[in-house]
Each structure stands twice: as structure tokens, then as C-alpha cells.
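Please open the structure in your viewer and keep the sequence panel visible. The tour proceeds from the whole chain to selected residues.

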Amino acid sequence: MPAEYAIVGYGVTDIGRVDEPHSLIEYETEAAARAIADAGLQRSDIGAALQAVSDLSGSVRTRHDDAYARVLGLPANVYIENVGRGGEHTAMALIIAMKLLDLGIANYVLVAGARDDFSRSRRVKRAGGRGT
């Protein structure tokens with residue numbers, strides 16, 4: 001019988017104009033916490049955490065290894081950051097999550113990621129540079 005998988009929770013941060021900008025870590029952490037709550041799970045249930053973020057234009061961003069997992073105090077057996085590039089990062093996160101489940105490494109895998117490309121571009125434009 002083929003293995004079965006389910007996405008059991010979903011978390012998203014507030015979008016649009018926010019009173020003050022937050023760091024990517026803060027956004028990832030907020031979305032991750034909301035996904036855990038939406039799934040009806042406890043933080044202690046999470047066996048693996050993945051950061052579904054990709055680098056832009058071949059550049060490498062500053063890394064904050066297992067930031068959201070550590071901030072939330074997750075007892076993850078596995079943490080993997082930056083699981084893909086461009087549009088593939090979501091598909092790669094799902095493939096990695098399914099494999100972690102298949103191998104019995106985790107019963108629940110949390111995937112979180114954050115992007116601030118548009119916000120950064122708008123700040124550059126307001127400062128007189130090229131931006132969106």
C-alpha cells in the first residue's frame with residue numbers, strides 16, 4: 001500500500017502594510033506557530049523542521065541556522081535550511097518532508113519560510129533607487 005500524507009496545518013502572517021517591519025526570522029516563527037496551532041498539535045509533536053526559502057538571483061542571504069525552530073523551542077530531530085532555489089523550494093520541502101516521514105525520523109514535519117523581496121524593493125524605491 002502506498003504511503004499517505006496530509007498537510008494538517010497552515011499558518012500565514014499578516015500581509016500588506018504592517019505598522020513596523022519584522023525580520024524574516026520573526027515572520028517565519030509567526031507562520032510556524034500559527035501552522036502548529038491550526039493543526040491542533042503541540043510544539044513537542046514536531047520531529048523535523050524545514051526552512052523553505054530560496055536565494056535570489058544567485059546571491060546568498062545571511063543565514064540564521066534553525067532560527068524559527070530554536071525560537072519556538074521545537075525538539076526537532078532534523079533541521080534543514082534553504083531547501084531549494086527559485087520556485088523549486090516548495091516542491092523540495094514537500095519531497096524532503098515525505099522522505100523524513102517515510103524513514104520514521106518524524107511523525108510531523110514543519111515547513112516554514114519567509115520572503116521580503118517586495119518590501120525591500122519598495123524601501124529602495126522610496127530612497128530614490130530602482131525598485132518596484
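The stops below begin with the overall fold and end at the surface.

This is a predicted model, in which local features need pLDDT of at least 70, side-chain atom pairs count only at pLDDT 80 or more, and totals for chains, interfaces and linings use all residues. Residues are numbered from 1 along each chain as its sequence is written, and side-chain values use heavy atoms, with hydrogens and water left out.

Select the whole chain, coloured by secondary structure. Four helices and three strands appear, in the order α-β-α-β-α-β-α along the sequence. Helices (H or I, at least four residues) and strands (E, at least two) are DSSP runs numbered from the N terminus. Of the 132 residues, 31% count as buried, that is, under 20% relative accessible area with a 1.4 Å probe and protein chains only as cover; exposed means over 50%, and partly exposed lies in between.

Next, select strands E1 (residues 48-51) and E3. The two run parallel and are joined by four bridges; strands pair if DSSP finds at least two bridges between them. Ala49 has Leu110 as its bridge partner in E3.

Keep E3 (residues 109-112) selected and show its side chains. Which residues form the covered face of E3? Leu110 and Ala112 do, whereas Val109 and Val111 make up the uncovered face. In a regular strand, side chains alternate between the two faces of the sheet.

Finally, select Met98 in helix H3 (residues 88-102). Met98 is partly exposed, at a relative accessible area of 32%.
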